[in-house]
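Here are my comments on the model you sent. They are kept to the sheet, the ligand site and the charged pairs.

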Amino acid sequence: MIKSFFKDKTDQADSLKVPEHIAIIMDGNGRWAKKRNMPRNLGHKAGGENVKTITKACDKIGVKYLTLYAFSTENWKRPEEEVSGLMDLLVFFLKNELNELHSNHVRIRTIGDISHLPVKTRKVLEDSIEVTKNNEGLNLVLALNYGSRNEITLAVKEISKKISEGELSVNDISEELIANHLDTSDMPDPDLMIRTSGELRLSNYMLWQLAYSEFYFTDVLWPDFKGPQLIEAIEDYQNRKRRFGKL
Ligand code: FPP
């Protein structure tokens with residue numbers, strides 16, 4: 001599938017080793033705007049446009065899960081105007097793209113606590129999730145009000161509650177049980193994690209799930225990270241030898 005989509009790179013691409021799950025930290029919208037003397041919200045707008053581009057590319061290539069860090073638990077600390085701009089952008093994106101995503105069999109999902117999002121944003125998200133829930137194409141997973149430490153803390157609380165109510169015993173605690181209490185319980189772990197814009201950190205993103213993932217960091221800013229850059233990342237991934245701790 002890579003072959004037909006990116007005709008110029010056909011010789012190197014190996015569709016058999018396309019990552020099943022790609023997780024992305026979409027960083028650099030602000031710097032992209034600054035370089036052009038534009039306000040930050042136009043950087044986010046360009047970032048939103050690029051969500052479309054990369055979602056389509058992942059779908060065509062045959063990726064099954066694309067998880068995008070769209071709004072972290074820490075992002076609430078940004079200026080009010082930027083936060084509301086991001087929430088509106090999400091509404092705009094879903095309203096404009098839902099039909100096409102649905103007709104391409106994309107299933108929209110979220111991780112993170114969406115109950116704290118503004119009602120308008122939550123409503124359009126819930127509708128999109130509902131409409132696409134039976135789709136069997138690409139899973140587009142939006143991490144919203146997401147923070148990994150918060151996710152793990154909530155899982156520990158839920159397990160503790162089940163133990164105190166006698167539904168579980170301490171001996172039942174296993175890696176599998178913990179994984180089953182995370183927001184990603186029915187998803188495979190990411191094979192490849194990409195962070196754009198040159199920052200070399202995880203910023204509280206999928207700390208449990210990324211334990212054995214391959215990491216790819218690029219200086220390219222998110223709005224400039226298009227199909228060819230995605231292919232470069234996948235090719236880099238294809239040249240890694242994943243050992244999962246074994247020899
Ligand atoms: C980081 O760039 C990006 C974000 C905090 C938000 C990501 C949101 C989008 C890409 C657009 C909306 C998403 C969807 C799903 C439609 P930054 O602002 O931290 O950039 P900077 O580090 O250069 O300032």
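The points below go through the fold elements and then the ligand surroundings.

1. The model is predicted, and what follows should be read as a description of that prediction.

2. The core element to look at is an open sheet of six strands, paired in parallel, with the order 3-4-2-1-5-6. Strand 3 (107–111) and strand 6 (214–217) form the edges, each pairing on one side only. On average, neighbouring strands of the sheet are turned by 20° against each other, direction ignored.

3. At one edge, strand 6 pairs with strand 5 (residues 192–195) in the parallel sense, over four bridges. Arginine 195 has phenylalanine 217 of strand 6 as its bridge partner. In general, strands of a sheet pair through backbone hydrogen bonds.

4. Toward the other edge, helix 5 (residues 119–131) lies across strand 3 and strand 4 (139–146). The helix runs at about 130° to strand 3.

5. Which residues are closest to the ligand? They are Gly30, Arg31, Arg40, His44 and Arg78, out of 20 residues that surround the ligand.

6. Several polar distances involve ligand oxygen atoms. A polar backbone atom of arginine 31 is 2.7 Å from an oxygen atom of the ligand. For the side chain of aspartate 27, an N or O atom is 3.2 Å from a ligand oxygen. For glycine 28, a backbone N or O atom lies 3.4 Å from a ligand oxygen. On its own the ligand has 620 Å² of accessible area, and the protein covers 91% of this.

7. The whole structure contains 18 salt bridges. One of them joins the side chains of arginine 195 and aspartate 27, at 2.9 Å from N to O. This pair links distant parts of the chain, 168 residues apart. Arginine 195 is in strand 5, while aspartate 27 is in the loop between strand 1 (21–25) and helix 2 (29–35). Aspartate 27 thus appears both in this salt bridge and in the ligand distances above.

Definitions and conventions:
Residues are numbered from 1 along each chain as its sequence is written. This is a predicted model: local features need pLDDT of at least 70, side-chain atom pairs count only at pLDDT 80 or more; totals for chains, interfaces and linings use all residues. Side-chain values use heavy atoms; hydrogens and water are left out. Two strands pair if DSSP finds at least two bridges between them. Helices (H or I, at least four residues) and strands (E, at least two) are DSSP runs, numbered from the N terminus. Axes are lines fitted to C-alpha atoms, for helices over the stretch in contact, and angles run from 0 to 180 degrees between N-to-C directions. Contact means heavy atoms within 4.5 Å. A residue is near a molecule or strand if one of its heavy atoms lies within 4 Å of it. A polar contact is a pair of N or O atoms within 3.5 Å; within protein, one must be able to donate a hydrogen and the other to accept it, and residues adjacent in sequence count only if both atoms are side-chain atoms. Accessible areas come from the Shrake-Rupley method with a 1.4 Å probe; for residues, only the protein chains shown count as cover. A salt bridge is a side-chain nitrogen of Lys or Arg within 4 Å of a carboxyl oxygen of Asp or Glu.
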